[in-house]
Amino acid sequence: MERIFSGVQPTGSLHLGNYLGAIRNWVRLQDDYECLFCVVDLHAVTVWQDPDVLKANTRHVAAAMLAAGIDPKKNIIFNQSQVPGHAELAWIFNCVARLGWLNRMTQFKEKAGKNKENASVGLYAYPNLMAADILLYKGTHVPVGEDQKQHLELARDIAQKFNNDFGVEYFPIVEPLIFGAATRVMSLRDGTSKMSKSDPSELSRISMTDDADAIAKKIRKAKTDPAALPASPKEFDDRPEAANLMGLYAALSDCEVEDVCKQFGGSEFSTFKQALADLAVEKLGPVQDEMRRLMADPAHVDGVLADGVARARAIAEPVLAEVHDIVGFLRPQGK
Ligand code: TRP
């Protein structure tokens with residue numbers, strides 16, 4: 001049985017990178033796998049979140065999943081904190097993973113920055129929680145971007161060590177599902193860094209709540225280089241901004257970057273940007289409209305999450321009971 005788990009943090013507003021790089025691809029998995037799509041609010045609080053904003057963002061991410069076309073009947077859409085097994089299994093994994101393993105995690109180093117002493121313990125243990133997310137459901141496949149590969153590697157190490165330590169073949173060794181290169185969306189201000197919620201410049205990202213004017217303006221202002229557009233992806237090497245914008249066009253129009261190069265090679269950036277802005281508005285508009293409709297009906301979104309929570313718990317509970325037995329936690333019966 002193949003089972004997919006993936007998660008998105010409810011921090012900041014969702015941007016095009018989250019949509020094209022993750023959520024939109026998940027829609028394509030729902031026919032081939034049993035899928036759990038999780039709003040990872042426990043991960044979000046590894047850095048401080050305003051409580052009301054966190055609640056709103058949790059609904060916002062769930063609404064984006066629904067608007068993108070993820071079917072809440074076929075798949076399980078839920079928020080992490082409401083299934084207590086995540087935190088519980090993460091504790092056990094805190095005791096399986098080694099300090100040395102976590103010390104190698106590059107994302108912690110990036111997120112903690114210079115002031116490591118002041119980072120939360122949760123931020124440090126973040127990858128253990130991520131391993132627990134997946135293994136609580138014995139997930140076999142995880143769609144992730146390049147930046148999460150190291151965390152997935154750690155989840156494999158944890159599963160292996162747990163199995164070895166207790167002499168069982170209990171947890172599966174998860175496999176990454178990596179999508180095509182075109183889905184790695186970079187900053188509009190710097191083609192070498194990922195589009196990110198934490199970039200101080202609003203112009204660096206297209207938010208899923210931006211209206212048509214804002215989308216067009218951000219694309220118009222996107223960084224470029226002075227040359228005409230390349231006629232082949234072979235010329236992308238020292239032209240990260242061209243690569244990013246043409247990759248975006250390919251992702252939005254569901255075609256290969258080669259085709260975008262054939263169509264626009266030799267054109268001026270200004271012509272291409274107009275075409276890209278029109279395409280982005282055309283493709284994102286319906287998804288954004290649906291998100292707005294869902295955000296106006298929080299009871300519906302909460303209903304979807306509540307249903308997902310119940311179904312996720314039903315899978316997680318027997319796994320936790322087995323883990324308790326394997327680890328040696330006495331489960332006293334009787335009154
Ligand atoms: N760390 C992931 C990210 O920031 C989110 C995440 C949490 C996740 N748990 C997960 C992704 C489990 C895949 C599987 O992108």
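How many cavities of 30 Å³ or more does the structure hold? One. Okay, hi everyone. Before I go on, bear in mind that this is a predicted model.

Let's stay with that cavity for a minute. The largest cavity has about 40 Å³ of space in it. Around it you'll find Gln 107, Phe 108, Lys 111, Leu 123, Tyr 124, Tyr 126, Pro 127 and His 151. If you sort that lining by class, you get five nonpolar residues, two polar and one charged. Helix 6 and helix 7 each put in at least two of them, and helix 7 has the largest share, with four residues.

Now, the pocket. What is the volume of the largest pocket? About 1,500 Å³. Its lining runs to 48 residues, and if you want to centre your view, go to Asn 18, Gln 107, Asp 147, Gln 148 and Lys 194, which lie nearest the middle. As for who gives two or more residues to that lining, the elements are strand 1 (3–8), helix 1 (16–27), helix 6 (106–112), helix 7 (121–135) and strand 4 (141–143). By class, the pocket lining comes out as 22 polar, 18 nonpolar and eight charged residues. And you may have spotted Gln 107 twice: it is on the list for the cavity lining, and it is also one of the residues nearest the pocket centre.

Next, the overall layout. The protein splits into domain 1, residues 3–178, and domain 2, residues 202–293. Measure from C-alpha centre to C-alpha centre and the two domains are 29 Å apart. How many residues of domain 1 are in contact with domain 2? It's 13, and they meet 13 residues on the domain 2 side.

That takes us to the packing. The largest nonpolar core has 59 residues, and Met 65, Met 246 and Phe 272 have the most contacts inside it. Helix 12, residues 269–295, is the top contributor to this core, with ten residues. Where does this core lie relative to the domains? Between them, because domain 1 and domain 2 both give residues to it. If you click on Phe 272 and skip its neighbours within four places in sequence, you'll see contacts with Leu 229, Leu 245, Met 246, Tyr 249, Val 260 and Phe 264. Apart from this core there's another one, of 47 residues, with Ile 76, Val 83, Leu 135 and Phe 162 among them.

Okay, a few single residues, starting with His 86. You'll find His 86 in helix 4, residues 85–94. Is His 86 buried or exposed? Buried, because its relative accessibility is 0%. Once you drop residues up to four places away in sequence, His 86 touches Phe 5, Leu 42, Phe 78, Gln 80, Leu 129, Ala 132, Asp 133, Leu 136 and Tyr 137.

Thr 11 sits in the loop between strand 1 and helix 1. What does its 16% relative accessibility make Thr 11? It counts as buried, because the cut-off for that is under 20%. With residues up to four places away left out, Thr 11 touches Ala 44, Gln 49, Asn 57 and Lys 197.

Then Lys 109, back in helix 6. At 44% relative accessibility, Lys 109 counts as partly exposed. Beyond its neighbours within four places in sequence, Lys 109 is in contact with Asn 103 and Arg 104. And if you'd like a distance to check on screen, Lys 109 and Phe 166 are 57 residues apart in sequence and 31 Å apart in space, C-alpha to C-alpha.

Last bit, for anyone who likes backbone angles. Lys 138 has a phi near 50°, a positive value in a residue other than glycine. Lys 138 is in the loop between helix 7 and strand 4, and it's partly exposed, at 28% relative accessible area. Asp 254 is another non-glycine residue with a positive phi, this time near 60°. Where is Asp 254? In the loop between helix 10 (240–253) and helix 11 (257–264). Asp 254 has a relative accessible area of 55%, so it counts as exposed.

That's my tour, thanks for listening.

How values were computed. Residues are numbered from 1 along each chain as its sequence is written. This is a predicted model: local features need pLDDT of at least 70, side-chain atom pairs count only at pLDDT 80 or more; totals for chains, interfaces and linings use all residues. Side-chain values use heavy atoms; hydrogens and water are left out. On a 1 Å grid over the protein atoms alone, a cavity is a set of points where a 1.4 Å probe fits but cannot get out, and a pocket is an open set with protein on both sides within 12 Å along at least five of seven lines; lining residues have an atom within 4 Å of a point. Grid points are joined across faces, edges and corners, and a volume is the space filled by probe spheres set on the points. Ala, Val, Leu, Ile, Met, Phe, Trp, Tyr, Cys and Pro count as nonpolar, Asp, Glu, Lys and Arg as charged, and the others, Gly among them, as polar. A nonpolar core is a set of buried Ala, Val, Leu, Ile, Met, Phe, Trp, Tyr and Cys residues joined through side-chain atoms within 4.5 Å. Buried means under 20% relative accessible area, exposed over 50%, partly exposed in between (1.4 Å probe, protein chains only). Domain bounds come from an automatic or database domain assignment. Contact means heavy atoms within 4.5 Å.
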